[in-house]
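Got your viewer open? Let's take a walk through this structure, one selection at a time.

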Amino acid sequence: EEIKHLEGEQLAALTQTFRAWYATAPGTYARRARGRVWLVFLVLRHTGARLGEVLALDDRRDLDLIQGVVRLGGGPDGAPRSLQLPAEALSDLTAYLEDPAHQAQRGMVFGLDQGHVRRKFYERAAECGLPRELANPRTLRNSRAIELLRQGLPLTIVQSILGQGTANLTANYLTFAEADIERIVKYYVQKEMRMRTSARNSFLGRVTAIRGGGLLSEVELITEGGLTIVSVITNESLLNLGLRPNSPVTALVKAPWVIVAKGEASPLLSARNRLRGRVERIQQDGVSAEVIVSLDEGTRLCALVTGQSVASLGLEIGEMVWTVFKTSTVILTVD
């Protein structure tokens, strides 16, 4: 049987419709009531949980707003499990739950009637043009499962996230139309190609300092190996990512943005990020060259430069060099 689910554009449209419905509530009582349904939608959307599991949540006990974790299951609906919430959803949950006007509800915010929640799903789906058969929590669960599988998560991991008893149930989500399979394969081939240049230059660490300005903020992080990376992002991006001191974060730097320089002393450049390492490999095609540098603490950094640059610098395998990149070229991501 065909598994009914929403594609990315449909999920985005339904999310935006729910958000606008909540934001335009005509008064305090309506805003409180709509907010509770909005929170139920957010948790369903990002966890793939069953509706019964979400409505059974105790927002004081089962939500960790500091770690961004929701604890589900443990009853007749499934095995207990803890799931990470994305930064944007966590920000919305925190804003509602920490609002002084909602403190009297704490512990019971998710305790809504299933029929009421389903009716609100039908109404919001109709507003954004979705057919009625796709406007229900079960469809959100299916959509999240397929979304995770398309992202490359192993079947057993998706099974654990959904709280399903056997992988056979989860495997039902792997049935795709031929055109869908072709699109997914193309996506991952392109993703693999992108990783050859940018995704390999990733630094996992924690935020150590944030310095704000009028439009931009400077975010400093330290990696697991002790490297310091600095990024400059917009204040809006800082808010969307939910970054704060000690937040886990990944810094990405595309290979074409990495400059290679020789010399014992740190090069006299305006770029803030300067990392010392040893040339491990040089691969050329006549026009461009991929230079792999092993940094002092073991991380490998890829720079994509011209073949002429390799020749003019006289780069050789085994010699020490500086890898340099500007703060504006560092992309920050959170899980």
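Before we start clicking, one bit of vocabulary: helices (H or I, at least four residues) and strands (E, at least two) are DSSP runs, numbered from the N terminus. Also keep in mind that what you're looking at is a predicted model.

**Stop 1: the whole chain.** Show everything as a cartoon. The protein chain has eleven helices and 13 strands. Of its 335 residues, 45% count as buried. Now look at which parts meet: among contacts between residues at least 6 apart in sequence, 62% join residues at least 24 apart.

**Stop 2: the second largest pocket.** Select Ile66, Leu90, Arg244, Ser247 and Pro248. Out of the 28 residues lining the second largest pocket, these are the closest to its centre. The space in this pocket comes to about 690 Å³.

Next, colour helix H4 (87-97), strand S4 (202-212), helix H10 (235-241) and strand S7 (248-253): each of them supplies at least two residues of the pocket's lining. Which of them gives the largest share of the lining? That's H4, with four residues. If you colour the lining by class, you should find 14 nonpolar, ten polar and four charged residues.

**Stop 3: the largest nonpolar core.** Select Phe18, Leu39, Val40, Val54 and Phe110. Within the largest nonpolar core, which has 46 residues, these are the ones with the most contacts. Several helices feed into this core with at least two residues each, including H1 (8-23), H3 (51-55) and H6 (137-150), and so does strand S2 (69-72). The top contributor is H2, which gives eight residues.

Zoom in on Val54 for a moment. Leaving aside residues up to four places away in sequence, Val54 touches Val40, Val43, Leu44, Ala49 and Phe110. Apart from this core lies another one, of 30 residues; to find it, select Val253, Val260, Val291 and Val321, which are among its members.

**Stop 4: Arg124.** Finish in helix H5 (residues 114-127), where Arg124 lies. Is Arg124 buried or exposed? Its relative accessible area is 4%, so Arg124 is buried, since the cut-off for that is under 20%. Show the side chains here and you'll find a polar contact of 3.4 Å between those of Arg124 and Glu123. Then add Leu14, Thr17, Phe18 and Trp21 to your selection: Arg124 touches these four, not counting residues up to four places away in sequence. You've already met Phe18, back among the residues with the most contacts inside the largest nonpolar core.

Note on methods
Residues are numbered from 1 along each chain as its sequence is written. This is a predicted model: local features need pLDDT of at least 70, side-chain atom pairs count only at pLDDT 80 or more; totals for chains, interfaces and linings use all residues. Side-chain values use heavy atoms; hydrogens and water are left out. Buried means under 20% relative accessible area, exposed over 50%, partly exposed in between (1.4 Å probe, protein chains only). A polar contact is a pair of N or O atoms within 3.5 Å; within protein, one must be able to donate a hydrogen and the other to accept it, and residues adjacent in sequence count only if both atoms are side-chain atoms. Contact means heavy atoms within 4.5 Å. On a 1 Å grid over the protein atoms alone, a cavity is a set of points where a 1.4 Å probe fits but cannot get out, and a pocket is an open set with protein on both sides within 12 Å along at least five of seven lines; lining residues have an atom within 4 Å of a point. Grid points are joined across faces, edges and corners, and a volume is the space filled by probe spheres set on the points. Ala, Val, Leu, Ile, Met, Phe, Trp, Tyr, Cys and Pro count as nonpolar, Asp, Glu, Lys and Arg as charged, and the others, Gly among them, as polar. A nonpolar core is a set of buried Ala, Val, Leu, Ile, Met, Phe, Trp, Tyr and Cys residues joined through side-chain atoms within 4.5 Å.
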